[in-house]
Amino acid sequence: MDDNLDFKSYLLISPKKLIISVITNSQNEIYKKELIFKKNCYNIDFIQLDEFLHQNIFRIEKKSKNFIRSISIILDFDIFLPVEISIKRNNYGKKIDIDNLKHILYEAKEDCKKTLQGNRISHMLIDRYKFDDNSYSYLPEGVECNNYSVDIKFICISENLYQNLENILKKYQISIKELISAKYIENFLRDPSENVFSMASKLANGHNPNEVKLINKSIKNEGFFEKFFNFFR
């Protein structure tokens, strides 16, 4: 078997069910398995999760004739911690320097990690840019200003929970590609025919230009730099 980058694997964990899904880059679902719980489970049952993975990982690899090296986990629980900060800088009438902006965002991420020890950043979102007295929900091109500010929202999760999930996946030689809030994905669902997995795939490919992607060092994708900011976890 080979390592195939032509499809993405997703695991949804919610109080009601577990779903594993494999989607090709063309958004075709080639595998899906769902386990509905008899009653809602408001804490992750790691034993049940392990059994579910054991039943499906090898089936997926056999069907696709490829190894699963990483998986994106979508959590539908109210366990995420939102943190909002604003960064201000002088710019002395110059044009906005993208490299300087990247550096500021990197500093903000590192400060958040130091302040919220014991938590891991799942999402880093730019809520608003302000250049002098003008506010934008996007980054305009060629703007000049005397000062600017960036409002940033971090969505974090317990490091302990992340490690528990990671330890289960290690049994199958799988790493966590990203850990995603289901509520964050639902904010972008407009088409009834679209599901949480296809939208997660679109978001991973830059659907939200204001999301700063946090890329696992072991699964770095250089192509992302052409679309939006990327920083290692």
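The following exercises, with worked solutions, concern a predicted model.

**Exercise 1.** Determine how many residues of helix α5 are buried, and describe what lies at its ends.

*Solution.*
Step 1. Helix α5 spans residues 196-204, and 8 of its 9 residues are buried.
Step 2. The buried residues are Val196, Phe197, Ser198, Met199, Ala200, Ser201, Leu203 and Ala204.
Step 3. At the N-terminal end, Asn195 serves as the cap of α5, with a side-chain oxygen 2.9 Å from the backbone nitrogen of Phe197.
Step 4. After the helix comes Gly206, which has a positive phi, near 95 degrees.

**Exercise 2.** Establish whether Leu35 is buried, partly exposed or exposed, and locate its surroundings.

*Solution.*
Step 1. Leu35 belongs to strand β4, residues 29-36.
Step 2. Buried means under 20% relative accessible area and exposed means over 50%; Leu35 has a relative accessibility of 30% and therefore counts as partly exposed.
Step 3. Beyond neighbours within four places in sequence, Leu35 is in contact with Lys16, Lys17, Leu18, Gln48 and Phe52.
Step 4. The C-alpha atoms of Leu35 and Ile19 are 6.4 Å apart, although 16 residues separate the two in sequence.

**Exercise 3.** Identify the residues that touch the most other members of the largest nonpolar core, and list the contacts of Ile13.

*Solution.*
Step 1. The largest nonpolar core has 46 residues, and those touching the most other members are Ile13, Ile73, Ile74 and Leu75.
Step 2. With neighbours within four places in sequence set aside, Ile13 is in contact with Leu18, Ile44, Leu49, Ile73, Ile74, Leu75, Asp76, Phe77 and Leu165.
Step 3. A second, separate core holds 23 residues, including Ile104, Cys112, Ile121 and Ile152.

Note on methods. Residues numbered from 1 in each chain as written. Predicted model: local features only at pLDDT ≥ 70, side-chain atom pairs only at ≥ 80, totals over all residues. Heavy atoms only, no water. Buried < 20%, exposed > 50% of the residue type's maximum accessible area, 1.4 Å probe, protein only. Helix = DSSP H or I, 4+ residues; strand = E, 2+ residues; numbered from the N terminus. Polar contact = N/O pair within 3.5 Å; in protein donor to acceptor, adjacent residues only side chain to side chain. Core = buried A, V, L, I, M, F, W, Y, C linked by side-chain atoms within 4.5 Å. Contact = heavy atoms within 4.5 Å.
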